[in-house]
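Visitor: I am new to this structure. Please show me how to read it, one feature at a time.

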Amino acid sequence: MVLKVENLSKSFGKTKVFQDVSFTVDKGDIVCIKGKSGEGKTTLLRCLNNLETADNGSIQINDLYMCKEIDGHIQYASKNEMQTIRQEIGLVFQSFNLFPHMSVKENIMEAPLFLKKMSAEDIKKRADELLEQLELQGKEQSYPCQLSGGQKQRVAIARALSMEPQALLFDEPTSALDPEMVEEVMSVIKDLALSGMTMIVVTHEMQFARDVANRVVFMDGGVIIEDSAPENIFTYPKNKRTQEFLKKSLSHNF
């Protein structure tokens, strides 16, 4: 088991974003989270990466607790423990979030250098390996403003991989891309899946969920209403809301 989430809830003021969310992710799992906009999928990923704090519940990554509920109150790991935990789970943002004043290679190297996880020589070597893996050779000294959307997202993926995480989270990785760039980025994610990388992917790409994911989690009303293999979700959805969502999505060629 890489990740275990139990009874996780999050609200902004009086607005409940999601509640009592529970699921586990094993090593090598490709979990696709689906549901209409506003269901809290992005907020859930941000909680898993500690960019948002949950109100209740627990998040366990490997044997370490990011947060857990004690006597009805949520308690987060210490600053030092959190630094270790966050290195185990990377997040690829919808809008890339690259440092505009840094080159491609500097963006990839920044986090490992800041956290001193490896020697400078090893960090440079790892960055070169990722540049080749993500087909970014020749773009080392380019700045984000000089890249296409697909290239920016590949740099963002390389940056997340530079920390050698146990799992990667993707928040709508193709929604900010032109249609011709979508397949470029999805191909990279598929290659990562084939390499055995554990991933949680929030995406509207139906074909990816069918072909690559081994689990699909469907959220509605801020709760998980289905969690099953893709063939079960797409062929025999049990919940009426899942059936309605799939009917509308497929009719729009998502």
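Visitor: Which residues line the second largest pocket?

Guide: A word first: this is a predicted model. To read a pocket, look at the residues around its space. Here the lining consists of Gln-133, Leu-134, Glu-135, Arg-154, Glu-184, Ser-187, Val-188, Asp-191, Leu-192 and Ser-195. The space in the second largest pocket is about 180 Å³.

Visitor: Which helix gives the most to the lining of the second largest pocket?

Guide: Helix H6, residues 179-194, does, with 5 residues. Sort the lining by class next. The second largest pocket has 3 nonpolar, 3 polar and 4 charged residues in its lining.

Visitor: Glu-135 is on that list. Where does Glu-135 lie?

Guide: Look in the loop between helix H4 (120-133) and H5. Then check the backbone. Most residues other than glycine have a negative phi. Glu-135 has a positive phi, near 55 degrees.

Visitor: Is Glu-135 buried or exposed?

Guide: Compare the relative accessible area with the cut-off: over 50% counts as exposed. Glu-135 has 62%, so it is exposed.

Visitor: Which residue in the loop between S7 and H3 should I compare?

Guide: Take Phe-96, which is found in that loop. Phe-96 also has a positive phi, about 75 degrees, although it is not a glycine.

Visitor: Is Phe-96 buried or exposed?

Guide: Use the other cut-off: buried means under 20%. Phe-96 has a relative accessible area of 12%, so it is buried.

Visitor: Back to pockets. What volume does the largest pocket have?

Guide: Its volume is about 740 Å³. The lining holds 23 residues. Closest to the pocket centre are Asn-49, Arg-86, Ala-111, Leu-115 and Met-163.

Visitor: Which elements give two or more residues to the lining of the largest pocket?

Guide: They are H2, strand S7 (89-92), helix H3 (104-115) and helix H5 (149-161). H3 provides the largest share, 5 residues.

Visitor: How do the residues of that lining divide into nonpolar, polar and charged?

Guide: The lining of the largest pocket has 12 nonpolar, 7 polar and 4 charged residues.

Visitor: Now the sheets. In what order do the 5 strands of the open sheet run?

Guide: Read a sheet from one edge to the other. The order here is S2-S1-S4-S5-S6, with antiparallel pairing. Strand S2 (15-25) and strand S6 (73-76) have a single partner strand each, so one side of each lacks a neighbour in the sheet. From one strand to the next, the twist averages 20 degrees.

Visitor: Which helix packs on the sheet?

Guide: Helix H2, residues 79-86, packs there and touches S4, strand S5 (64-70) and S6. The direction of H2 makes about 125 degrees with that of S5.

Visitor: Over how many bridges do S1 and S4 pair?

Guide: Strand S1 (residues 3-12) and strand S4 (residues 56-61) pair over 5 bridges, in the antiparallel sense. To follow the pairing, match residues across the two strands. Ser-9 has Asn-56 as its bridge partner in S4. Val-5 stands opposite Ile-59 in S4.

Visitor: What joins S4 and S5?

Guide: A hairpin, with 2 residues between the strands. Asn-62 sits in the turn and has a positive phi of about 55 degrees. S4 and S5 pair over 3 bridges, again antiparallel. Ile-61 has Leu-64 as its bridge partner in S5.

Visitor: Why is S4 largely enclosed by the rest of the structure?

Guide: Count its buried residues. In S4, 5 of the 6 residues are buried, so the strand is largely enclosed by the rest of the structure.

Visitor: What order does the open sheet of 6 strands have?

Guide: Its order is S7-S8-S9-S3-S10-S11, and the pairing is mixed. S7 and strand S11 (223-228) stand at the edges with a single partner strand each, so one side of each is left without a neighbour in the sheet. The twist in this sheet averages 20 degrees from one strand to the next.

Visitor: Over how many bridges do S10 and S11 pair?

Guide: Strand S10 (residues 215-220) and S11 pair over 5 bridges in the antiparallel sense. Match residues once more: Met-219 has Ile-224 as its bridge partner in S11.

Key
Residues numbered from 1 in each chain as written. Predicted model: local features only at pLDDT ≥ 70, side-chain atom pairs only at ≥ 80, totals over all residues. Heavy atoms only, no water. Pairing = 2+ DSSP bridges. Helix = DSSP H or I, 4+ residues; strand = E, 2+ residues; numbered from the N terminus. Axes fitted to C-alpha atoms, helices over the stretch in contact; angles between N-to-C directions. Contact = heavy atoms within 4.5 Å. 1 Å grid on protein atoms, 1.4 Å probe; cavity = no way out; pocket = protein on both sides within 12 Å on 5 of 7 lines; lining within 4 Å. Points joined across faces, edges and corners; volume = space filled by probe spheres on them. Nonpolar A, V, L, I, M, F, W, Y, C, P; charged D, E, K, R; others polar. Buried < 20%, exposed > 50% of the residue type's maximum accessible area, 1.4 Å probe, protein only.
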